[in-house]
Each structure stands twice: as structure tokens, then as C-alpha cells.
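Good morning, and thank you for the time. I would ask you to keep the sequence and the structure in view while I speak.

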Amino acid sequence: YILNRPDQCPHLCLYPLGHPSARHSSVDWSHVWDGKFDNTDSSWKEICPEFDLATGNEVVLQAGDVLYLPTLWFHSIIS
């Protein structure tokens, strides 16, 4: 998982309220590498240049682990 505090939402390029994908990022998170986006694929910078300013926490779960997500925290599942 990649977790972002609510104060990071302005940097995550979320679709606006009313959009069918509201509260989802317009950036393809499948290119995450070492907590940051893979610098070899810069197409996300054209879509959302401010995404590079976002900070997050990487969480690795093991079998039997439980993850508590506080209200309004943004999360992305990377497997």
C-alpha cells in the first residue's frame, strides 16, 4: 500500500467531485518505484506535475496483518 495524509490530496491530481471517478487520482500508480514514480516513465509529469511534491508512506503487509486506514487518508494498492 501507498498511504497519503489528507493534506497531500492537492498534489495527487484527484478527479473533481461529481466526476464518476471522484476522489481517485488521474495518475497511473502502477509505475510506483521505491516510493516515487519511476523516472524512466515521465508521462505522469505531463498529466500531474505537482504529483512529484506528494509525500507518502509505503506499507508492506504480511499474512495475517491488518491495516487501519484513518478517515480521508488516500491509499493505493500495489501488488
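How many disulfides does the count come to? The count comes to one disulfide, and I should say at once that the model before us is a predicted one. The partners are C13 and C48, whose sulfur atoms lie 1.5 Å apart. In general terms, a disulfide is a covalent bond between the sulfur atoms of two cysteines. The link of C13 and C48 is right-handed, with 85 degrees about the S-S bond. It connects distant parts of the chain: C13 sits in the loop between β1 and β2, whereas C48 belongs to the loop between α1 (43-47) and β4, 35 residues apart.

Are these two cysteines buried or exposed? C13 counts as buried because its relative accessibility is 11%, under the 20% cut-off. C48 counts as buried too, at 0% relative accessibility. A further cysteine, C9, is likewise buried, with a relative accessible area of 15%.

Let me place these residues in the overall arrangement. The protein has one helix and five strands. Read from the N terminus, the elements follow the order β-β-β-α-β-β. Three strands make up an open sheet, ordered β4-β1-β5, with antiparallel pairing. At its edges are β4 (57-58) and β5 (74-76), each of which pairs on one side only. As a general point, strands of a sheet pair through backbone hydrogen bonds, either parallel or antiparallel. Strand β1, residues 2-4, is joined to β4 by two bridges, and the two strands run antiparallel. Within this pairing, L3 stands opposite N57 in β4.

I turn now to the loop between β1 and β2, where S25 is found. What does the side chain of S25 reach? One polar contact is with the backbone oxygen of L12, at 2.7 Å. Another is with the backbone nitrogen of V27, at 3.1 Å. Leaving aside residues up to four places away in sequence, S25 touches L12, C13, L14, Y15 and F74. The disulfide partner C13 is therefore among the residues that S25 touches, a contact being heavy atoms within 4.5 Å. S25 itself counts as buried, since its relative accessibility is 14%.

The backbone of this loop also deserves attention. Phi of C13 is near 55 degrees, a positive value in a residue other than glycine. R23, which is found in the loop between β1 and β2, also has a positive phi, near 70 degrees, and again the residue is not glycine. At 37% relative accessibility, R23 counts as partly exposed, whereas C13 counts as buried.

Finally, some totals for the chain. Of the 79 residues of the protein, 22% count as buried. The protein exposes about 5,600 Å², and carbon and sulfur atoms supply 54% of that area. Among contacts with a separation of 6 or more, 59% are between residues 24 or more positions apart.

To close, I return to the opening question: the count is one disulfide, formed by C13 and C48. Thank you.

Definitions and conventions. Residues are numbered from 1 along each chain as its sequence is written. This is a predicted model: local features need pLDDT of at least 70, side-chain atom pairs count only at pLDDT 80 or more; totals for chains, interfaces and linings use all residues. Side-chain values use heavy atoms; hydrogens and water are left out. Two strands pair if DSSP finds at least two bridges between them. Helices (H or I, at least four residues) and strands (E, at least two) are DSSP runs, numbered from the N terminus. Buried means under 20% relative accessible area, exposed over 50%, partly exposed in between (1.4 Å probe, protein chains only). Accessible areas come from the Shrake-Rupley method with a 1.4 Å probe; for residues, only the protein chains shown count as cover. A polar contact is a pair of N or O atoms within 3.5 Å; within protein, one must be able to donate a hydrogen and the other to accept it, and residues adjacent in sequence count only if both atoms are side-chain atoms. A disulfide is a pair of cysteine sulfur atoms within 2.5 Å.
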